[in-house]
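Here are my notes on the model you sent, set out as numbered points. Please read them alongside the sequence and the structure.

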Amino acid sequence: MEELFYIITLEVVCLGTPLTYENWGSDLPVFPIGDSLKGSMRVLEWAYREYGDDLVYACSFGAEGMVLIDLISKVKPDASIVFLDTDLHFKETYDVIRQVEARYPQLQIELVKPELTLAEQADAYGDALWERQPNLCCQLRKIKPLERALAPATAWLSGLRRDQSPSRQFTQFVNKDDRFQSIKVCPLIHWTWDDVWDYIRSEDLPYNVLHDQGYPSIGCDKCTRPVEDGQDYRDGRWAGMQKTECGLHVQP
């Protein structure tokens, strides 16, 4: 069996300069995946050592988010976390955010709002934009707010897993993100859905109760439905709209 080694060969690390979008190169850190957490803790340790307070976690507070929050708290208890508060989330999502705030009081959790209220958006673009132009709604209520949140940061964390969808199967631990001109770090790429839930149960973590009601992927309440047995993980997102991504993880 091929041995896995934890090797960091980045020349920029040796020079004391963090890896950035501007100095992205071919010499990238390599992490082992043979441990029980499939490399995730070593990735987080490297990321916070590399970026410190210039690293932001953009969290949707789904199941993967609960795992990543718990792992992050062991590395940097006062880490910065942003939640894109579209004003269209389920009540249960806000409930789990309050539970996380109580369990991890040192975390710096910020709810980032769109520039337009729902009423202002309706005035400008018409009612129920999410039904007529879901891509534009996501642009206004998710992508632009994340652009603002990431503007002062050098890198950001995401809970993407390779088996979530075909568009995510080639995600790496460390990625050059052309969409936000940033470094995107994804510690959970090798985790399965079962891995996520095994960790949640073993650590007795809070989680969104909608997961128990057939919602594997949870977004805005207007665009999220439960899935049936045998359906894809993301079939409940923008059902019937030929859309499976909000655009945050789609490269231009």
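1. How many helices and strands does the protein have? The model, which is a predicted one, has eight helices and six strands, and along the sequence these follow the pattern α-α-β-α-β-α-β-α-α-α-β-β-β-α.

2. Of the 252 residues in the protein, 51% are buried. Among contacts with a separation of 6 or more, 70% are accounted for by residues 24 or more positions apart.

3. The largest nonpolar core holds 47 residues, of which F61, I69 and L71 touch the most other members. Elements that give two or more residues to this core include helix 2 (40-51), helix 3 (63-75), strand 1 (55-58) and strand 2 (80-84), and, further along the sequence, helix 4 (91-103) and helix 8 (193-202). A second core, separate from this one, consists of twelve residues, with V56, L84, I143 and W156 among them.

4. Which residues does I69 contact, if its neighbours within four places in sequence are left aside? I69 is in contact with Y57, C59, F61, I81, V100, Y104 and L107.

5. The packing of helix 2 and helix 3 deserves its own point. Their axes come within 10 Å and cross at roughly 55°, and the two helices are therefore oblique to each other; the crossing in which helix 2 passes helix 3 is right-handed. On the helix 2 side, S40, M41, L44, E45 and Y48 take part, and they meet L68, L71, I72, K74 and V75 in helix 3. By character, the residues of this contact divide into seven nonpolar, one polar and two charged.

Technical notes
Residues numbered from 1 in each chain as written. Predicted model: local features only at pLDDT ≥ 70, side-chain atom pairs only at ≥ 80, totals over all residues. Heavy atoms only, no water. Core = buried A, V, L, I, M, F, W, Y, C linked by side-chain atoms within 4.5 Å. Buried < 20%, exposed > 50% of the residue type's maximum accessible area, 1.4 Å probe, protein only. Helix = DSSP H or I, 4+ residues; strand = E, 2+ residues; numbered from the N terminus. Contact = heavy atoms within 4.5 Å. Axes fitted to C-alpha atoms, helices over the stretch in contact; angles between N-to-C directions. Parallel < 35°, antiparallel > 145°, perpendicular 65-115°, else oblique. Left-handed = near helix turned anticlockwise from the far one by under 90°. Nonpolar A, V, L, I, M, F, W, Y, C, P; charged D, E, K, R; others polar.
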